[in-house]
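Open the model in your viewer and keep the selection box handy. We'll hop from one spot to the next, with a note on what to look for at each.

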Amino acid sequence: MSVTVILGTQWGDEGKGKAVDYLAGNFDYTARFNGGNNAGHTVVNELGTFKIHLVPSGIFYPRVRCLIGNGVVIDPAVLIEEIESLCNAGIKTEKRIFISARAHLIMPYHKILDGLYEQAKGAGATGTTRRGIGPVFADKMGYNGLRWSDFAEEGLFANKLRTQLDLKNKIIAALGGDALDFEKIYSEYCGYYATLKPYIVETYPIVQKGLHAKKKFLLEQAQGAMLDPDWGTYPFVTGSTTLASAATAGLGVPPRAITQIIGVTKAYITRVGGGALPTEIKDESPTAKALQEVAATTGRIRRGGWFDAEVVHFSTHLNGVDALFLTKLDVLSQFDEIKICTGYKFNGKPVHYYDLNAYQLEQIEPVFRTVRGWREDITQARKYSDLPPRAQRYIETIEKLVDVPIKWVSVGPEREATIKR
Ligand code: GDP
Ligand code: IMO
Ligand code: MG
């Protein structure tokens with residue numbers, strides 16, 4: 001058996017899409033197992049630049065099959081649009097994308113409630129993507145969800161939808177929103193089902209057959225380990241488990257089948273939405289601007305900061321990461337000096353990430369080590385020895401602090417801008 005999990009080790013947007021696109025050519029299947037279209041994974045290869053939200057990033061290799069597991073929540077309109085745009089780019093999707101019939105559906109009221117809850121929480125809001133993620137996972141766990149499989153039974157989807165609209169319209173009205181109409185939503189979702197039906201299957205036999213035939217699986221996590229509802233900075237987290245172990249339930253893979261866990265980590269750190277970012281550069285300096293990015297899903301600004309070894313040590317060890325895929329090293333080429341956070345102090349005393357809650361984490365003082373930058377364009381480097389000695393030293397310092405080997409170094413968004421050590 002060969003099952004590799006790719007995992008973001010920070011607060012998302014580490015470059016998982018890039019890593020999967022680089023590695024997937026050696027696999028038979030790629031799969032998503034958590035989250036929904038709150039994810040935005042960027043792939044840059046010879047076919048173009050793609051920002052994908054639901055389809056696994058292995059879709060660009062014609063022989064690789066792509067599974068959207070039961071653990072993923074699906075906004076059908078987004079998925080249809082994504083499949084269409086892939087088709088328009090000349091990518092074959094039929095008999096290559098398989099959507100689990102067990103996957104839960106994001107309904108219009110999930111998106112409305114996401115917005116209303118956020119609004120009600122004011123300054124304490126999570127800063128969600130407003131894609132309905134929290135509410136759809138709450139409904140899944142509260143036995144109120146709607147799934148593709150509900151369409152298989154005459155009248156079932158309609159009945160469930162009616163019940164949910166009765167409930168949700170009361171909540172929406174209480175929060176000052178407008179009631180939703182059954183007929184409109186029902187016909188809309190019947191249309192989505194008709195369009196996606198050729199892709200919807202029970203994925204269990206596919207996964208089992210693949211495992212027994214020794215096929216290779218690459219499982220692509222969405223979000224990052226630090227957005228996990230249990231181990232992240234709750235309540236500034238996402239609605240589904242983001243740990244490597246989520247791949248077992250979210251796709252239907254036995255835990256023992258997982259053979260490798262790869263952590264993707266940025267050479268610095270970013271975060272979009274609310275919640276602590278301990279190494280954030282909060283001023284208006286050119287350095288702060290240089291580490292900020294524009295979010296792939298919502299277009300919001302990703303806050304930026306220096307590499308946080310305390311956080312990445314925690315997330316990689318929590319998940320049992322075997323090797324790291326370090327991304328965006330090229331972004332650091334512009335600095336004379338680079339800082340690395342080696343630990344935290346709280347009230348003057350050394351603490352670990354796990355000692356604190358999300359609110360205390362806002363108050364910690366990061367302990368920095370400053371290293372000299374290399375100030376050289378590294379985007380054309382393809383071998384480790386092509387990197388300037390100071391860049392190599394930066395990699396080795398991170399490796400030592402995090403205590404996980406760095407096996408790949410990415411020096412640009414493109415597939416080929418990658419160094420394998
Ligand atoms: P994901 O959600 O983890 O897949 O990451 P995103 O796609 O949301 O964000 C990562 C961003 O960094 C995207 O714009 C990528 O194209 C880009 N990127 C990935 N790796 C590199 C790299 O090594 N260098 C540079 N400059 N950009 C990169
Ligand atoms: P990828 O897969 C970065 C963040 C949101 C918000 C919090 C909760 O591209 O790395 P949600 O809509 O999930 O209820 O929002 O989680 N968030 C992400 N941040 N990358 C992501 O995905 C994210 N998915 C959710 O910004 O702070
Ligand atoms: Mg992203």
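Start by colouring domain 1 (2–103 + 200–262) and domain 3 (265–420): both give residues to the shell around ligand 1, so this ligand lies between them. The domain bounds come from an automatic or database domain assignment. Before you zoom in, note that this is a predicted model, where local features need pLDDT of at least 70, side-chain atom pairs count only at pLDDT 80 or more, and totals for chains, interfaces and linings use all residues. Residues are numbered from 1 along each chain as its sequence is written, chains are lettered from A and ligands numbered from 1 in the order in which they are written, and side-chain values use heavy atoms, with hydrogens and water left out.

**Stop 1: ligand 1**

Select the shell of ligand 1, counting a residue as near if one of its heavy atoms lies within 4 Å. You should get 19 residues, with Lys 16, Thr 42, Arg 302, Asp 330 and Ser 410 the closest. By type, the shell splits into 4 nonpolar, 8 polar and 7 charged. Here Ala, Val, Leu, Ile, Met, Phe, Trp, Tyr, Cys and Pro are nonpolar, Asp, Glu, Lys and Arg are charged, and the others, Gly among them, are polar.

Now show helix H1 (16–23) and strand S3 (41–45), which each supply at least two residues of this shell. H1 gives the largest share, 3 residues. Both names follow DSSP runs numbered from the N terminus (helices: H or I, at least four residues; strands: E, at least two).

Which atoms should you put distance labels on? Try polar contacts, meaning pairs of N or O atoms within 3.5 Å. A polar side-chain atom of Thr 42 sits 2.5 Å from an oxygen atom of ligand 1, and one of Ser 410 is also 2.5 Å from an oxygen atom of the ligand. Gly 15 joins in with a backbone N or O atom, 2.8 Å from a ligand 1 oxygen. On its own, ligand 1 exposes 580 Å², and the protein buries 90% of that (Shrake-Rupley, 1.4 Å probe).

**Stop 2: ligand 2**

Move on to ligand 2, which has 21 residues around it; Asp 13, Lys 16, His 41, Thr 129 and Thr 238 come nearest. This shell divides into 7 nonpolar, 11 polar and 3 charged.

Label Lys 16 again: a side-chain N or O atom is 2.7 Å from an oxygen atom of ligand 2. A polar backbone atom of Gln 223 lies 2.8 Å from a ligand 2 oxygen, while for a backbone N or O atom of Gly 127 the distance is 3.4 Å. Alone, ligand 2 has 550 Å² of accessible area, and the protein covers 98% of it.

**Stop 3: backbone oddities**

Most residues other than glycine have a negative phi, and most peptide bonds are trans. Select Tyr 234 and Pro 235: the peptide bond between them is cis, with omega near 5°. Pro 235 is in the loop between strand S10 (216–220) and helix H8 (246–252).

Finish at Lys 214, not a glycine, yet with a positive phi of about 60°. Look for Lys 214 in the loop between helix H7 (204–212) and S10.

Note on methods:
A polar contact is a pair of N or O atoms within 3.5 Å; within protein, one must be able to donate a hydrogen and the other to accept it, and residues adjacent in sequence count only if both atoms are side-chain atoms.
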